[in-house]
Protein chains: 2
Amino acid sequence: MVFKIHNTLNEVILVIDIGGTSYKGALVNKDGEIIYRYKIKAADYGSKEKFLSAIFDLISKLNIKAKINNQKVIAMSFSIPGAIDTEHGIIKYSNNLDLENLNFKKELIDKYKNIPIFMLNDANAATLGEARKGIAKDYANVVFLTLGTGVGGGIIINHKLYAGSQFMGAELGHMSIDINGKLCTCGRKGCFEAYASARALVNYTKEGLNKYKDSKMWREINNDINNINGSVSFETLKKYPNDFGAKEVVNKYIKYLSEGILNYCNIFRPDIILIGGGVSEQGDYLVNLINDYCKNYNYGFKSTPIPLIKTATLKNDAGIIGAAYFALENLK
Amino acid sequence: MVFKIHNTLNEVILVIDIGGTSYKGALVNKDGEIIYRYKIKAADYGSKEKFLSAIFDLISKLNIKAKINNQKVIAMSFSIPGAIDTEHGIIKYSNNLDLENLNFKKELIDKYKNIPIFMLNDANAATLGEARKGIAKDYANVVFLTLGTGVGGGIIINHKLYAGSQFMGAELGHMSIDINGKLCTCGRKGCFEAYASARALVNYTKEGLNKYKDSKMWREINNDINNINGSVSFETLKKYPNDFGAKEVVNKYIKYLSEGILNYCNIFRPDIILIGGGVSEQGDYLVNLINDYCKNYNYGFKSTPIPLIKTATLKNDAGIIGAAYFALENLK
């Protein structure tokens, strides 16, 4: 009998998925499997010292756990919201963390010598996660759209993450679809984000409720306007397919969302368009409505197939898994 | 003294750049240099037989010339306007040639056995040409926009041509920038092409002439509306910087063009955006106006540099050179 010795079996990546409300720590093995998790509350908004101190604490917890498990941490990797200079390891600007120009890599290297450190924008991390372990894993060219408070995204070209010069591309929410339209937070008018985010959907729902006092959407929110969220119009329409108010809200949202998706079809003609974020919880119901809208406007003389549209599968783990793969694939 | 024998010195690619009005034949060496050219008038619009017969004639001329020059034709490559199935060698649809579902590769193979045959869409060919021998050759990520009758384009990602699934992507003119706006020939509303093509510019110029009867643009066209072309407003404004009519036309065009360019900045954050086609003859004058517009709206919290914008350099040779490189890089 031959005993194979797998020296690398116990090697793990220490990953932290940094969000506005919590920091999710994890140990991930080389197959992209999360083998340990530890989550802490986010530090006070805007304090660089408290941010770093909380991250260092979480790293210690994860390192101790790895030691107990007899695992070797071969790299650290961070998924971070905002404009992240991946090459130099700098948080250039993060609205969610209220941090600007923080040389995060230097702070980490000063404390943890001799361990490779990686970081990337959270939408890019989630995209890579979906492309490696999620529903997009068999496709070469992927466009990933996250429909949350804003609209984020990521691009996979020929199985590789594409993030543009200085990792500053793939700002898929900031494509204007109405250059004389709504003002976006970025300063331009008509950005896709201003029309297709969950926030926009909530606004359409408010308008619909005000316009249709007899809509069943009122029942969905128990007549309390504070209960509005992105699922109200969809859930109402599923139960009452003839409800005018819910139909108007959903149709409006689907129109804007689909027009942006059509743009990305024509630009990238990807193998698959993946939808994540809160709105993606509508699953196939959402996908069918998008396909119904798109089939009449797809470019290519009606002969080009609409790319496959699917909702993302890894949910909240996408960023952790993607950050782990980013380290694994860039380790020398 | 040692004599080096370069067996490959005389190897050439036979290239035909097929256009709506002429077919430009060429022999291109392995350094991407055009060493022989022969141009013929396009065959009658819409006749498959006449199209093939004209192409076969041109191939014969080029083959004879190669023989005389003691050159070996190692591949044939075609740059073709329209929806081209590069993989299977099919002209799926070409508005400019009025051809549909022509199995061009099969026709060629039947006649010219044992020679590798390549074909690709003309905008993709031009993009590859500019990326190999033109001004974009030192950049990894390139967005190329051709502003002609329509708006075409091509994408280079990590030094490679990216054309999407079935080579049907990079339809950069068919990104809607005003989803409730002008109807485009593709059936959607508000496509970039409908606002930023040379044809759109001519329309703005007509409107400007009608609105401003005292504009110096009238002098530029010798008071004859038949002399309108895409350069009238620009040429007038260069000579008379205070001409209201010319200024309004140019500002309108620059606004639409720049909004589309800003979208491509945010999506791709390329290293360089290259502008070709008729409008690009305005050179630095055009580029400066685009940069002036873009600098206030560039995403990235004003901290991200606007990608370098330049006008293309290879002009009418871009497609020939690109098609040659496409063959060279895909030959086994």
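Buried denotes under 20% relative accessible area, exposed over 50%, and partly exposed the range in between, with a 1.4 Å probe and protein chains only. The model is predicted, local features need pLDDT of at least 70, side-chain atom pairs count only at pLDDT 80 or more, and totals for chains, interfaces and linings use all residues. Side-chain values use heavy atoms, without hydrogens and water, residues are numbered from 1 along each chain as its sequence is written, and chains are lettered from A and ligands numbered from 1 in the order in which they are written.

**Figure 1. Cysteine environment of Cys265(A) and Cys186(B).** Cys265(A) is buried, its relative accessible area being 0%. Its closest cysteine sulfur, in Cys294(A), lies 5.8 Å away, too far for a bond. Zero disulfides (cysteine sulfur atoms within 2.5 Å) are found over all chains. Cys186(B) is likewise in no disulfide, the nearest cysteine sulfur, that of Cys191(B), being 3.7 Å away. Cys186(B) counts as buried at 13% relative accessibility.

**Figure 2. Open sheet of chain B.** Five strands (DSSP E runs of at least two residues, numbered from the N terminus) are ordered 11-10-9-12-13 with mixed pairing, where two strands pair if DSSP finds at least two bridges between them. Strand 11 (160-162) and strand 13 (308-311) of chain B are the edges, each pairing on one side only. The twist from one strand to the next averages 25°, from axes fitted to C-alpha atoms, for helices over the stretch in contact, with angles of 0 to 180 degrees between N-to-C directions. Strands 10 (residues 151-157) and 11 of chain B pair in the antiparallel sense over three bridges, and Leu161(B) in strand 11 is the bridge partner of Ile156(B).

**Figure 3. Aromatic pair Tyr195(A) and Tyr256(A).** The structure holds 27 aromatic pairs over all chains; ring centres of Phe, Tyr and Trp (its six-membered ring) lie within 6.5 Å, with planes under 30 degrees apart stacked, over 60 edge-to-face and the rest tilted. The centres of Tyr195(A) and Tyr256(A) are 4.6 Å apart and the planes at 35°, so this pair is tilted. Tyr195(A) is buried at 4% relative accessibility, and Tyr256(A) is buried at 13%.

**Figure 4. Aromatic pair Phe234(B) and Tyr285(B).** This pair is edge-to-face, with 6.3 Å centre to centre and 80° between the planes. Phe234(B) is buried at 0% relative accessibility, whereas Tyr285(B) is partly exposed at 27%.

Key
Helix = DSSP H or I, 4+ residues; strand = E, 2+ residues; numbered from the N terminus.
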